[in-house]
Amino acid sequence: MVTTETPLEAELHRLAGSVPDPELPVLTLDELGVLRGVRVDGADKVTVQLTPTYTGCPAIEAMSADIERVLHDHGVAEVSVVTVLAPAWSTDDISDEGRRKLAEFGIAPPRPGSGPGGPVPLTLAVRCPHCGSTDTELLSRFSSTACKALRRCVACREPFDHFKEL
């Protein structure tokens with residue numbers, strides 16, 4: 001989209017980015033890293049670029065509607081939310097604050113990657129968000145959403161969601 005935002009675009013980006021994720025309401029869309037840009041296209045007309053966490057993610061419709069509502073509530077008459085598939089979203093797009101919030105909420109955040117084209121990390125342990133132990137086991141490859149797995153800590157016996165690395 002635009003490499004430098006105007007002050008108005010920056011404010012609209014802040015408003016759109018403050019929308020909570022419908023599946024993980026502890027995170028904002030900005031913290032999740034799915035908000036790619038905001039462009040003012042004319043008087044009272046704004047285009048927002050949004051990247052889903054995976055192609056076909058059902059939450060994209062709710063995200064779009066929530067962004068439209070927030071910007072309409074702040075006086076923008078025409079809001080167009082467009083889905084952008086490239087570059088694809090990655091768990092590396094989750095902000096440090098988003099990772100902190102996931103752990104605080106009881107969801108093991110995804111392990112940081114090395115970025116595009118870098119080596120694939122071979123860290124196999126998933127740290128329990130409750131007690132910090134790395135002695136955890138996989139219960140199900142899918143949890144409440146397709147982007148999370150269900151795990152259990154062997155040390156404290158508490159189940160928890162793990163946000164899968166993508």
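## Strand pairing in the sheet

Two strands count as paired if DSSP finds at least two bridges between them. In this predicted model, Val38 has Val48 of β2 as its bridge partner. Leu35 stands opposite Leu50, also in β2. β1 and β2, the latter spanning residues 45–50, pair over 6 bridges. The sense of that pairing is antiparallel.

β1 and β2 make a hairpin, with 2 residues between the strands. Asp44 sits in the turn. Its phi is positive, at about 60°.

## The whole sheet

The sheet is open and has 3 strands. Their order is β1-β2-β3, and the pairing is mixed. Which strands stand at the edges? They are β1 (35–42) and β3 (78–83). Each has a single partner strand, so one side of each is left without a neighbour in the sheet. On average, neighbouring strands are turned by 20° against each other, direction ignored.

## Helices on the sheet

Helix α1, residues 7–17, packs on the sheet. α1 touches β1 and β2. The direction of α1 makes about 135° with that of β1.

Helix α3 covers residues 59–73. α3 lies across β1, β2 and β3. Relative to β3, α3 runs at about 155°.

## Residues 124–164

An unreviewed UniProt entry lists residues 124–164 as "domain: PaaD zinc beta ribbon". In the model, this span is 39% strand and 0% helix. The C-alpha atoms at its two ends lie 12 Å apart.

## Cysteines

A disulfide is a covalent bond between the sulfur atoms of two cysteines. How many disulfides does a search of the whole structure find? The count is 0. Cys128 is in no disulfide. The nearest cysteine sulfur to that of Cys128 belongs to Cys156, 3.9 Å away.

Why does Cys131 form no bond with Cys153? The sulfur of Cys153 is the closest cysteine sulfur to that of Cys131, but the gap is 3.6 Å. A disulfide needs sulfur atoms within 2.5 Å, so the pair is too far apart for a bond.

Is Cys128 buried or exposed? Cys128 counts as buried because its relative accessibility is 3%, and the cut-off for buried is under 20%. Cys131 has a relative accessible area of 42%. That value lies between the 20% and 50% limits, so Cys131 is partly exposed.

Conventions:
Residues numbered from 1 in each chain as written. Predicted model: local features only at pLDDT ≥ 70, side-chain atom pairs only at ≥ 80, totals over all residues. Heavy atoms only, no water. Helix = DSSP H or I, 4+ residues; strand = E, 2+ residues; numbered from the N terminus. Axes fitted to C-alpha atoms, helices over the stretch in contact; angles between N-to-C directions. Contact = heavy atoms within 4.5 Å. UniProt positions renumbered as here; feature names shortened; annotations may be inferred. Buried < 20%, exposed > 50% of the residue type's maximum accessible area, 1.4 Å probe, protein only.
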